[in-house]
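Biologist: Could you bring up the model and let me quiz you on the labels? I'd like to hear the reasoning behind each one.

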Amino acid sequence: MSRYYDHLETRSDDERAKDIAERLPQQIARAKALAGNAECYREVDASEVTSVADLAELPVLRKSDLVAAQRKHPPFGGFAAATTGQFEHLFQSPGPIYEPGRTSDDWWRMGRFLHACGIGRGDVVQNCFGYHLTPAGMIFENGARAVGASVIPAGTGQTDLQVEAAEALGATAYAGTPDYLKIILDRADALGKNLSFAKAAVGGGALFPSLRAYYEDRGITCLQSYATADLGNIAYETEAKEGLILDEHVIVEIVTPGTGNPVPEGEVGEVVVTTLNPDYPLIRFATGDLSAVLTGTSPCGRTNMRIRGWMGRADQTAKIKGMFVRPEQVAALVARHSEVSKARIVASRKGETDVMTVQLETIADNADHYLDSVVSVLKLKGQIEIVPPGSLPNDGIVIEDQRKYD
C-alpha cells in the first residue's frame with residue numbers, strides 16, 4: 001500500500017493555493033446560482049473570490065440558517081446543485097436537517113482517512129456507524145469502497161451479534177464511535193471469542209487518551225477523523241498523531257465564535273468549512289465546533305494545514321454517543337410536559353462510555369413517565385433525574401458537558 005492516498009497530500013503551499021484559486025471561484029459561482037444563496041450573494045463577484053482570505057468577506061452559514069432555509073426551499077434549503085431524484089441517498093439528521101448523498105467514488109472523502117489508517121484491499125471493515133436515516137454508516141461505507149475494503153454493514157447495537165459477525169467474517173478493521181469498539185471487545189472476552197481487529201477508524205465523539213491506550217495494548221491502531229453529515233470528512237489523523245490534517249477538498253477557517261472573523265493563527269475559535277463538492281456547495285458553513293490551527297508540518301509528510309482536533313462547542317450543542325443534542329431539542333422536551341418547568345442535559349463518562357443524564361424540574365415523582373419523550377425528542381436513551389422546582393442553576397445552561405478532553 002502506498003503511504004499516501006494521492007499526490008495532493010504532499011503538495012507545496014504554492015501548488016495548493018493555485019488549485020484553490022482555480023476551483024474556489026467556480027464553487028462560489030455554483031453556490032451563487034442556487035436559491036439558498038440568491039439574496040446574500042447577489043453582489044458577490046465569484047471571479048474575485050480566489051483565496052481563503054477572500055472568503056472572509058462572505059457571510060457565514062449556520063445550522064440554524066440551514067434549518068430555516070430547508071423550510072423555505074425543501075428539502076435541502078436551496079443549497080444542493082441537484083434534485084432529490086438525482087441523489088442516490090437522502091438522509092435526515094436531528095433538527096430535522098436533510099442531507100443528500102451519492103454512491104460515486106469517495107463522495108464524502110472518507111477514503112483518504114481510511115487509507116491513512118492502513119485500511120485497504122483485503123481488509124474487512126465492521127462498520128458500526130448508524131445506517132438508519134442519518135448518513136454516518138454510508139459515509140464510511142463509501143470510503144471503504146474507495147480503498148477496496150469489504151464492509152460488514154453492522155450498524156449499532158446487538159453486541160452479541162456484532163461479536164459473532166466479527167469472528168465469523170474475520171473483521172480486521174472497525175469503524176464507529178470511539179467507545180463502542182471497547183464494548184464489542186469486552187463482550188468478546190466474556191464469550192471467550194478471539195477477534196482479529198488490528199485497525200480502528202473512529203469518529204462521532206472524542207477519542208480519550210486512556211481509550212486509545214487500551215486499544216494499542218490490544219494491538220489495535222486507532223485513529224480518528226473529524227466529519228459532519230453536511231460536509232463529509234473535514235480532517236483526519238495520521239500515524240503521526242499530531243493534530244488532524246485537513247482534507248484536500250475543503251477549506252477551513254478558524255473564526256471568532258458567533259462571527260465570521262478569522263482569529264490569529266493558533267488561537268481557539270469556531271471551525272468554518274467551505275466544501276469544494278460541486279453537488280452540495282456549502283460555503284463558510286459554521287460547524288459550531290471549536291479548534292485551533294496547529295502550526296508546522298506533520299512528520300508524516302503530508303503538507304496541508306493541521307488543526308488541533310475537537311476542543312469543545314462554540315454553542316451548547318453536545319455530541320453524546322455519536323449523536324448531537326441541541327438546545328432546541330431540550331426546549332421541545334420541556335414543551336411536551338406542562339408540569340416540567342426546566343430541563344438540563346448533563347453529559348458525563350462512566351468508564352470509557354458516554355452517559356446522558358436528563359434532569360427535569362417538576363413536582364412529579366415518576367421518572368419512567370418521561371422515558372418515551374426523552375427517546376423521541378433527544379433520539380437517545382438516558383438516565384432521568386427528577387429534581388425539585390427551582391433547584392437547577394439559573395445560568396442559562398441547558399446542556400452541560402462534564403467530560404474532560406485532556
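**Labels and the reasons for them**

Modeller: Let's start with a residue: Ala165 touches Gln126, Ile152 and Gly170, leaving aside residues up to four places away in sequence. Bear in mind that this is a predicted model.

Biologist: What makes Ile152 a contact of Ala165?

Modeller: The cut-off is heavy atoms within 4.5 Å, and Ala165 touches Ile152 on that count. The C-alpha atoms of the pair are 8.2 Å apart in space, with the two positions 13 residues apart in sequence counting. Contact is judged on heavy atoms, so the C-alpha figure isn't the test here.

Biologist: Where does Ala165 sit?

Modeller: Ala165 is in helix H6, residues 159–169.

Biologist: What makes the peptide bond between Pro74 and Pro75 cis or trans?

Modeller: Omega is about -5 degrees there, and the bond is cis. Pro75 belongs to the loop between helix H3 (63–72) and strand S1 (89–93). Another cis bond joins Gly95 and Pro96, with omega about -10 degrees; Pro96 is in the loop between S1 and strand S2 (97–101).

Biologist: Why pick out Arg109, with its phi near 65 degrees?

Modeller: Most residues other than glycine have a negative phi, and most peptide bonds are trans. Arg109 has a positive phi without being glycine. Its place is the loop between S2 and helix H4 (111–116).

Biologist: What is the volume of the second largest pocket, and why is it called a pocket?

Modeller: About 680 Å³. A pocket is an open set of grid points, whereas a cavity is one the probe cannot get out of, so the name tells you that this space is open.

Biologist: Which residues are closest to the centre of that pocket?

Modeller: Val52, Leu246, Val252, Asn304 and Met305, out of 33 lining residues. Elements giving two or more residues to the lining are helix H1 (13–32), helix H2 (52–55), strand S10 (250–255) and strand S13 (293–294). By class, the lining has 17 nonpolar, seven polar and nine charged residues.

Biologist: How do you know how domain 1 and domain 2 are placed against each other?

Modeller: Domain 1 runs over 13–313 and domain 2 over 318–401. Their centres, taken over C-alpha atoms, are 28 Å apart. The contact takes 14 residues from domain 1 and 13 from domain 2. Together they bury about 1200 Å², 58% of it on carbon and sulfur atoms.

Biologist: And what is the stretch 137–274 called?

Modeller: An unreviewed UniProt entry annotates it as "domain: AMP-dependent synthetase/ligase". Over those residues the chain is 30% helix and 28% strand, with the end C-alpha atoms 23 Å apart.

Technical notes. Residues numbered from 1 in each chain as written. Predicted model: local features only at pLDDT ≥ 70, side-chain atom pairs only at ≥ 80, totals over all residues. Heavy atoms only, no water. UniProt positions renumbered as here; feature names shortened; annotations may be inferred. Helix = DSSP H or I, 4+ residues; strand = E, 2+ residues; numbered from the N terminus. 1 Å grid on protein atoms, 1.4 Å probe; cavity = no way out; pocket = protein on both sides within 12 Å on 5 of 7 lines; lining within 4 Å. Points joined across faces, edges and corners; volume = space filled by probe spheres on them. Nonpolar A, V, L, I, M, F, W, Y, C, P; charged D, E, K, R; others polar. Domains from an automatic or database assignment. Buried area = accessible area lost by both parts, 1.4 Å probe.
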